[in-house]
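Student: Could you take me through one part of this structure closely, and then show me how the aromatic rings are arranged elsewhere?

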Amino acid sequence: MDINNRALFDRITSAVTEAHGTIDAHVIVLVLPAAVVRGLLPAGLELAPQPVVPHGWHPVFFMCASDHFGAWFGDLDYQELMVGVPWVQICDPGAGYPGPFIYMPRLYLNHAVAREFGVRIYGWEKRAATIEVASAGPRTTYTVTAEDAAAPTVTARFDEVPGSAARGPADIANFTIVRQLFEQPTISQARHVVDADSFSAASTGPFLATTLLLQVDRPGTTVQPIEAELVIGPSLTPPGIPAGTYKSASLDECELGAFRLQCQQFVSLPGPCARVQFPRPPPLRRLKIAVLGGGPAACAAALYLARQKDRYEVSLYSTGYRLGGKCQSWRDPDKAWRIEEHGLHAFLGFYHNAFTAVHDAYRDAFPDGGLGEAMYSRAFLPGEHNGLMVAHDGRWTYCSTPGSVTAVSVPGVAKDGGPEEEGSRLAVARAFMRLVTHIAAIEARHPRFARILRGIKREVSALHGELLSLLGKVAEAGVFQRRGLVDRAGGRGLSWVREAAARLLRSKRRMSTDLWFLWTGIDTLLTIIIGLLRHPVRHLDELDGVDFRVWLRANGLHEAGDERWAVIDQVYETLFAHQPADPTRGPGAQLDAAVRPDLLACGVATRWFLLQSFGERGAPSFRFSYSCAQTMITPYYLALRQLGAKIHFFHTVTGLEIEGEGPQRRLTAVRLVRQAEVAAGSAEYQPLLTEDLPNNPEGLRDWPKDPHWDQLVDGAWFRDHGIDFFDAWRSEANTRATPVSLEQGVDFDLCVLGVPLGALPLVDSPLTACARPDADPRWKAMIDGMAVAQTLSCQLWLTAPPSALFAGPRGLLTAFAQPQPSYGDFTPLLAYETWAEPRPQSVAYFTGAAVVGKPLLPPAGGAGYPAEVHTAWTEQFRGWLGTHHAAFFDGSGAPSHFEGLLELLAVEGETSTPSRRLDWQHFVADVQPSSLYVLSQPGSTALRLGQAESGVKGLLLCGDWTRTDLNCGCVEAATSSGMLAARAISNEPRTLWRPGF
């Protein structure tokens, strides 16, 4: 039958955007190696995370169907064989909506109009075939022979199961699982409309998306479990699925078993992927999700699942009586209800997903009358003063980072997607902007250099303009000609700019520290740009096998061998990247604060450096208006309660039970220890402060230092025995703890593991216990190969204001003397504490880390190990402060002698000696396994697991130790991971921000 393509378009009117009909389909699902399934996808598409089979495998469905549609061409009746790959996504990180989608690498059908319509309008991979359908008793056979094939392409035999009649979807438990394969939009190549060979094209063209919906919620829908046998011949295209015979049990016996489906359906006209909507039918039942962990990753995963109230029943299990993980904070009732933190916390300006998730938490926690929006708008304060401490000419000097604060409101919802162009090219382009900012800062602060810098500035502007004009222009080799920007034939270019700046500034006998700082920033930025242009990469992860400083020096950085520039050290210190512990030290001597910046994956560091430079929204950093937990974790908790999630405090994960092999490997149970019984019921513990503290926002309460003993069964016993629910070294002292077990299929359908990396070795399972003979090699490589660090912090309350302690304003800074290189001024938090007169006038937070590697885990070191480390850290900080206070506190009101500084420390109650005043401040040595910080050492990125890469069916992962677009320890990475875990289960949140490089 000859079809006029023009007529296809003429028959479609704007008034008809959907075709409705019915389908009678026999379905068999194959679980194939992921490597095989990838071969069924064209360029530009990749397999997406999915929750139904283990990592390394992927489902593909064959649907033998009789279709009827009534639209556009009147009634269409035809048979087809559809091969579908669910859970695929667009590779481009800048995609407004990346997926997941269903991609159909082949559809065979026996109706010319339907075939041409599918190809010319939708871009589907439809091919003509002879389809014979034969029914004999309980067996139905489909024989599909492609028009150019000499033998059957596919033969499918479906047998009814005695006693298993067609019934409603709600009467078949496993249909809840298998229907997820079909509840995604359908994607196709727009190029296929005009190019029959587009599948094999090397470069991707635009994609189209369509809603093809099986309306299983409509009356009359029936599902009949059947047994199936599929015989694939060599003529099936595209090649990839091995020819042979595949058998499937029925849906009654297997979650992805074979079945016959009869229901209504509709298909919409295609359109851009970013705008596609998929109205999923209401679920047959709510899936039970167990989230293990209480940090930002676990909270974010739980939040986005709990928001889908009709689909998921969420239960979160967390150790102790506070949420937050490393972001915990609490109030001390014996010390002016002061805010005590785990460490120094703030959101950087490029934390797009973290802002989005917290914003959503506020809105869900306070849903009435815009209250959540109003409270969120007051939750963060832009950081107006950020910088570095720079050691130069034998002294320390504070240098502020060039740039200005433009935020008029707190960032809310993240922008969809990321950069549209290749990430490294965009990174280079925007790095130029910061380069120009640094040059302008030199001109403004040192006018005498303006004339000398004129030539350099002119060349930078020309190169910047040239680079921008090249963006998007791709040469035949696939990249634009970058090298001309670096080394020009006439002697000018980026290399000339870098050398000219170095000669100019190095020639000055006495260079001010401020000028030195700005020049080192220029040299570092230029080196990054030159390195990426000379040796282009598609993604910065490709650089993660080498150390950041090593890569910079290899690309011509002017930092001498005996120098350590603060502008580079700041990235190491922000990510706690220090040298490994000395292997000759004794096992009990793990608190080693003689540290130096070392071993940071180059791609991670370069991305962080560039995001700090250009990824901000309105300000380089945002400080919490209240404590970290009160600002960020309280809304998570309140939102989860508001959404109906159950939060089980006092639960520690101790084991994961796993059965099966290959595609059948699955999580069967989770073993936990219930640390204490809540009198009102396991999920009824009320954790927040009950006291009304002055000035604190109504409805947004903080977290207590101690649990509410009166809510616990035998609470007095726990209190009198000094049980610390967060001390893994003293867990044996809790003789009232009881083991509990969560069973798959009863207590949960899917599980999200959000236990921190440092605590994973304490969980007994083939995944996490590396010493077991059945240890999973991928997990063992990750746990053994990724280093962690003990972080060290101190908070000081002082009776002098910051204006007296410092010569100028300071906000967040780093690169000061070890082991406390980072500092934050958190004086505004005093408004929420209850100090008696004379009240403190400032609050100083200091933080750093010990050496990295594998710190002691319980029971090594004995029950007193945490207390011993705490005492050691207190003494180390005393010595550090005594040595460095004068270099740090440089204001006119700062005391020159250490005793004078100690006299400024605020205390309440009886007058203390200067030494006792320091003891009264707040010290944290994070030795607990769940508080250890994850490092990003060279080579470790490849060891990280994705959120759906546990290798176990039913087990998803989240945490800053999983693979994200940042691959480092921070709230943004943790939040992104939690959102990605939720998305792998539910397809929500619809989009996440991605840096794209």
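Tutor: Let us begin with N967, whose side chain reaches the backbone nitrogen of T964 at 2.9 Å in what is, throughout, a predicted model. N967 is found in the loop that runs between β36 (955–957) and α23 (971–986), and because its relative accessibility is 0%, N967 counts as buried. If neighbours within four places in sequence are set aside, the residues in contact with N967 are D541, V604, S936, T941, R944 and T962.

Turning to the rings, a search of the whole structure finds 55 aromatic pairs. One of them joins F355 and F622, which meet edge-to-face, with 5.2 Å from centre to centre and 80 degrees between the planes. F355 belongs to helix α6 (residues 352–365) while F622 belongs to strand β24 (residues 621–624), so this pair ties together parts that are 267 residues apart in sequence. Both F355 and F622 are buried.

W717 and F718 also make a pair, and because their ring centres are 5.2 Å apart and their planes stand at 85 degrees, that pair is edge-to-face; W717 and F718 are both buried. These two rings belong to a cluster linked by ring pairs, whose members include Y321, Y637, F649, F650, Y685 and W703.

Finally, there are charges placed over rings: the charged end of R106 sits over the ring of Y108, 5.9 Å from its centre, and R338 lies over the face of W920, at 5.2 Å from the ring centre.

Note on methods. Residues numbered from 1 in each chain as written. Predicted model: local features only at pLDDT ≥ 70, side-chain atom pairs only at ≥ 80, totals over all residues. Heavy atoms only, no water. Phe/Tyr/Trp six-rings, centres within 6.5 Å; stacked < 30°, edge-to-face > 60°. Helix = DSSP H or I, 4+ residues; strand = E, 2+ residues; numbered from the N terminus. Buried < 20%, exposed > 50% of the residue type's maximum accessible area, 1.4 Å probe, protein only. Lys NZ or Arg CZ within 6 Å of the ring centre and 35° of its normal. Polar contact = N/O pair within 3.5 Å; in protein donor to acceptor, adjacent residues only side chain to side chain. Contact = heavy atoms within 4.5 Å.
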